[in-house]
Amino acid sequence: MSSRTLPLILAAGAASLAAPAVAADLTVTLEVPTVATAAYHRPYVAVWIEQQDPAQTAVRTIALWYEAGDTGRGEGTGEQYLKDIRTWWRKGGRAMALPIDGITGPTRAPGRQTVTVSGARLASLPRGSYNIVVEAAREQGGREVVRVPFTWGGAANTASAAGTSELGAVRVAVTR
């Protein structure tokens, strides 16, 4: 090795130590349960990140499933019912311009659903302890909120929790 290449290798190694940690991906897997009722409507669902502080400050919405546009039943637009996802609505949903590109999607059928957010989209999220919050509200049904704690910016980690009526199991995985 020449005396010129050694300083370059050392400089490159030092730069990699000073750079932020390699971004991780965040995956949320949730169960939309089958509800036995004559008038079943798919739930509106919001998934967001909040800080683990006493105020539970909302940081970022990562998924919003609702009937965008005219409902086709003469009721107006599906957006008017987003206020039924009350916790999300009060923590910042009402201030958002809808639809949200890359976040808004149609309601989902019962079964396992997955939301994956790339580390690049979460690059500005500081290291720390957070909650993934999943809230579901269903017409002629109930409303439920499930919080799952996770750590961002450290080692890979997983956590889970379960709902009792409108949501089933919710699993969060931070992977490298």
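Two strands count as paired if DSSP finds at least two bridges between them. Keep that in mind as you work through this predicted model.

**Exercise 1. Find which residue of β4 stands opposite Trp65, and say how the two strands pair.**

Step 1. Go to β3, which covers residues 58-65.
Step 2. Look across from Trp65 and you hit Gly105 in β4.
Step 3. Now check the pairing: β3 and β4 run in the parallel sense, joined over two bridges. The cut-off is at least two bridges, so this counts as a pair.

**Exercise 2. Work out the strand order of the open sheet and name its edges.**

Step 1. Start from β2 (44-51). Six bridges tie β2 to β3 in an antiparallel arrangement; one place to see this is Trp48, whose bridge partner in β3 is Thr61.
Step 2. Turn to β6 (128-137). β2 and β6 are antiparallel too, with eight bridges, and Ala46 stands opposite Glu135 of β6.
Step 3. Put the five strands in a row: β4-β3-β2-β6-β7, with mixed pairing.
Step 4. The edges are β4 (104-105) and β7 (143-152), each pairing on one side only.
Step 5. Have a look at how covered β2 is: seven of its eight residues are buried.

**Exercise 3. Track down the unusual backbone angles at Gln56, Gln140 and Pro99.**

Step 1. Here's the background: most residues other than glycine have a negative phi, and most peptide bonds are trans.
Step 2. Gln56 isn't a glycine, yet its phi is positive, about 50 degrees. You'll find Gln56 in the hairpin of β2 and β3, which has six residues between the strands.
Step 3. Is Gln56 buried, partly exposed or exposed? Its relative accessible area is 28%, so Gln56 is partly exposed.
Step 4. Gln140 also has a positive phi, near 55 degrees, and sits in the loop between β6 and β7. With a relative accessible area of 58%, Gln140 is exposed.
Step 5. For the peptide bond, go to Leu98 and Pro99: the bond from one to the other is cis, with omega near -5 degrees. Pro99 belongs to the loop between α2 (86-90) and β4.

**Exercise 4. Decide how far to trust residues 5-21.**

Step 1. Take the whole protein: the average pLDDT is 86, and 82% of the residues score at least 70.
Step 2. Over residues 5-21, though, pLDDT is below 50. Beyond near neighbours in sequence, that stretch has four contacts in the model.
Step 3. Where pLDDT is low, the predicted coordinates shouldn't be read in detail.

Methods: Residues numbered from 1 in each chain as written. Predicted model: local features only at pLDDT ≥ 70, side-chain atom pairs only at ≥ 80, totals over all residues. Heavy atoms only, no water. Helix = DSSP H or I, 4+ residues; strand = E, 2+ residues; numbered from the N terminus. pLDDT = per-residue confidence, 0-100. Contact = heavy atoms within 4.5 Å. Buried < 20%, exposed > 50% of the residue type's maximum accessible area, 1.4 Å probe, protein only.
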